[in-house]
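The exercises below are meant to be worked through with the coordinates open, and each task is followed by a solution that proceeds step by step.

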Amino acid sequence: MSGGLKIKLTLLDNIIWLMLSLFFFACALGIPAFASWNNIVNILYHTTIMSMLVLAQGFVLLSGNLDLSIDAVLAFAPGAVILASTKWFPGVLGNPYLAILLTLLVGGCIGFFNGYCVARLGMNAFMQTLSLSIILRGMVLFLIPLSIFPLDPVYSFIGKARFPALGNLPAAIPVAFAVYFFFHILLKHTVFGRNYLATGGNARASFVAGIDTRKMVIAGFIIAGLLSAVAGMLTAGRQDSVSNTMGNGMTLLAFAGALLGGTSMSGGKGSAFGMLGGAILLGMFSNALNLLGVKVTLIHAAQGALIFVAILVDRFRIALRAKLLRDEQLRKLKGAKG
Amino acid sequence: MDEPVLLLEGVTKVYPGTVALESVHFEALPGEVHGLIGKNGAGKSTLVGILSGLVEPTSGSITMNGRTFSSFSRSRAKREGISIVPQEPEIVLDLSVAENLFLGELENSSGFVSWSRIRADARRILDRFGLDIGIDLQARDLSLSERQILLILKACVVEDANIVVLDEASASLSRNDAAILKRIVNELRESGKAVLYISHHIDELLEICDRLTVLRDGRVVATRKKGTLDHHSLAELIVGETLSSSESGRKRSANFGEELLRLENLTQWGSFRNISFSLKKGEILGIAGLRGSGRTELLKAISGIEPGYAGQINFKDKRVFFSTPSEALRMGIAYLPEDRETEGLIKSFSIRENLLLNSIARFSRSGFVLGGDAARRAEEIFAGVQIQAFSMEQSAEELSGGNKQKVVIGRIMANEPEVYLLDEPTRGVDIGAKRSILSIVDGPLRASAGVLLTSPGLDDLMDICDRILVLHKGDMVREYRREDFDEKSLFMDMQGLGFQNRRGGDECRAV
């Protein structure tokens, strides 16, 4: 394979970062104060919550499933734990570190329940997670009719704290990057990660090849639950309270982020860094529109248009990739003859 | 004599690397049941493909209804009055029996479906052939045989075509439904339609057909009237000049190692019965049989993909039972899937990732993949099985059939198993790839393990196997040692015909 082709293929496979850079420079030229340190930190800070959901959704998509309950878990996991630790059993559950662990545990258990229903009981992932999403949303409305605040500073640390020594950098940003780095290693460099991707690419073939595909699917949902719980703690921390509107409507945008990042809807294809790019592009897009003074309602519509563009770019990318490889093959054939 | 309703003249089809059909002349007369037979790869399916408009001939002409075409499209074939019952029942599982029967021909008055008429017509047709199937049942609830007979009825009765092509239509029929098929075919004959009847079973063809055309290596060898043929002369035409065993037989020194696998009276209901054999290290054991003989099911049962059998499997003198493929793999028994597209490859993965799919745990420490070791091993296998690709990073779905197969073989080799279960490794690959796959099996695989091999064609098995077991409808008919290999005799055994002659009595005949 020629060097030029390799570079082109690499660019195509990372097209999200190309789009992101182009968009950034365009905005930096067109919008004053867009490229300032404060605004960049602002974009990243506002992206952290969505980025966790994008990773959660993207991770489940990699195994060939989907999870509609992630934004409900975002609200339910911290909501139920804070309610229990402040109102029901303040003595036993008052410890904020315990509350953090419990929040993760609740998210993980919900994920396990989803995974068990899908992988073991053979339920359709769409319907199962939809039903659970409605159940959890209803429970949140029932349990937390009014916001509960303030939170223990330990609990709200990852969502709220800032480091004055680092230009007022919010703790949420390094936390999000660390999580993404962890998942990059997990997917790329561990046996689990490879088997997980193989399951999404072709479950039957993976089963025949000796991979426990049901375990993989369950693991995917557990991870999605955990990440949604982390997103929940980031949200609760930022507003220093738990409320029943947290995360409303974010699930579908999480699909958009994962798709923008090059994750395949049919499973087996995608990367953690791609999803990160997708999440940041979503955040940067709404930030730019905000700075331009576009109304909030219109921003929502514009995000829909962005999703459409993402699908279009993806089709274009696949066609171009096939064409590049075909051309290379033709060149090789001609070379062999001449 | 009547004018032929279908006439093929000089039809040739060339695929890259192989000639599937070579100036084929073929005609079908009205009121005739015309049988078509040949070994796998003789060109039957290409011919059917051309008639149904799915394959475009390279040259030649098709004459129907007084008009001459150079090729058919799918809709053209249907408009000219050709109906086809494909090998695999293609039925809409969620629709009712009646609706499936009339799919594409829904009676309508100004765009509305007349359900009362459809249901009445469906009932009438089913009753006419004595079929006890509820017309409102979902197709999902029918047995395989009932689904097939439904498709046959659709093609033969509902579509009212002039020419009906039955492509191994009887393969999945129950005995009762097979009798119904005969009645349908007779009715078509009487009403002056032409039937093209394709089957692997000599018996059936000699009984049903008025004329028979034999294909061999893409050419028409003979077209004969019914009365002029018997089992033996037909088998000879199909097999052709065979190499006697002394010509093909590089005699192998029987230097086999320890016994690896021993099956004792393995039985799986509906698939195979009382299969016993043993396999030694360094040995290649072929399993020959037609579709439905139980060869694939046998390999899947051993490898734990379709567990559930009576009898026992011994691996190195220890009784084993695998309920999943991963258990079998851990013991060192690897299965190569018959269908590489759905059971073999991860299409979204690169060649390297596919090659390391099973063995990646070997190149890891506490869960982390050791990049260098894994890459070296992938490199080794990549070169060993001679995959033609620009680089190992190419995605597996961009490869040709033969190279995809090599990737899957390389993948199971990476695990260094002691027993290979190879289910049709040469299916649907071109001649060049076939040779190199067989030489991999005969070389590195044989050197390191014992191999069970099935193949769609006998020549592959005769080429490299040390022994061949013949299965017929789930029974082990005979075992051949290499010095006794004889294509005609093997072929007759696969048909379930050789058994009878050898034992000289009808009571011994395999059912």
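Two strands are taken to pair if DSSP finds at least two bridges between them. The model used throughout is a predicted one.

**Exercise 1. Establish how strands β21 and β22 of chain B are joined, and place them in their sheet.**

Step 1. Strand β21 (residues 419–422) of chain B and strand β22 (residues 450–454) of chain B are joined by 4 bridges, and the two strands run parallel. Within this pair, L421(B) has L452(B) of β22(B) opposite it.

Step 2. The pair belongs to an open sheet of 6 strands in chain B, whose order is β18-β21-β22-β15-β23-β24 and whose pairing is mixed. The edges are taken by β18 (333–336) and β24 (475–481) of chain B, and because each has a single partner strand, one side of each is left without a neighbour in the sheet. On average, and with direction ignored, neighbouring strands of this sheet are turned by 15° against each other.

Step 3. Helix α16 (residues 431–448) of chain B lies across β15 (284–288), β21 and β22 of chain B, and the helix runs at about 150° to β22(B).

**Exercise 2. Decide whether A449(B) is buried or exposed, and list what it touches.**

Step 1. The residue A449(B) is found in the loop between α16 and β22 of chain B.

Step 2. A residue counts as buried if 20 or more other C-beta atoms lie within 10 Å of its own. A449(B) has 23 other C-beta atoms within 10 Å, and it is therefore buried.

Step 3. Leaving aside residues up to four places away in sequence, A449(B) touches K281(B), P417(B), E418(B), V419(B) and Y420(B). With the same exclusion, Y420(B) touches A334(B), L336(B), I412(B), L445(B), A449(B), V451(B) and L452(B).

**Exercise 3. Identify the residues that touch the most other members of the largest nonpolar core, and trace where this core draws its residues.**

Step 1. The largest nonpolar core holds 244 residues, of which L53(A), Y420(B) and L421(B) touch the most other members.

Step 2. The element that gives the most to this core is helix α12 (residues 213–239) of chain A, with 16 residues. From chain B, the core draws at least three residues from each of domain 1 (6–239) and domain 2 (256–508).

**Exercise 4. Describe how domain 1 and domain 2 of chain B meet, and then how chain B meets chain A.**

Step 1. Taken over C-alpha atoms, the centres of domain 1 of chain B and domain 2 of chain B are separated by 33 Å. Contact between them involves 15 residues of domain 1 and 14 residues of domain 2.

Step 2. On the side of domain 1 that touches domain 2, the largest share, 5 residues, comes from helix α8 (residues 231–239) of chain B. The residues of that side divide into 6 nonpolar, 7 polar and 2 charged.

Step 3. Between the chains, 26 residues of chain B are in contact with 23 residues of chain A. On the chain B side, α11 (325–331), α12 (340–344) and β20 (368–369) each supply at least two residues, and the residues of this side divide into 14 nonpolar, 8 polar and 4 charged.

**Exercise 5. Work out why helix α1 of chain B is described as largely enclosed by the rest of the structure.**

Step 1. The helix α1 (residues 44–52) of chain B has 9 residues, and 7 of them are buried, so the helix is largely enclosed by the rest of the structure.

Step 2. The buried residues of α1(B) are K44(B), T46(B), L47(B), V48(B), G49(B), I50(B) and L51(B). Just after α1(B), a positive phi of about 80° is taken by G53(B).

Note on methods. Residues are numbered from 1 along each chain as its sequence is written. Chains are lettered from A and ligands numbered from 1 in the order in which they are written. This is a predicted model: local features need pLDDT of at least 70, side-chain atom pairs count only at pLDDT 80 or more; totals for chains, interfaces and linings use all residues. Two residues are in contact if their C-beta atoms, placed from the backbone, lie within 7 Å. Ala, Val, Leu, Ile, Met, Phe, Trp, Tyr, Cys and Pro count as nonpolar, Asp, Glu, Lys and Arg as charged, and the others, Gly among them, as polar. A nonpolar core is a set of buried Ala, Val, Leu, Ile, Met, Phe, Trp, Tyr and Cys residues joined through C-beta atoms within 7 Å. A residue is buried if 20 or more other C-beta atoms lie within 10 Å of its own, exposed if 12 or fewer, and partly exposed in between; C-beta atoms are placed from the backbone. Domain bounds come from an automatic or database domain assignment. Axes are lines fitted to C-alpha atoms, for helices over the stretch in contact, and angles run from 0 to 180 degrees between N-to-C directions.
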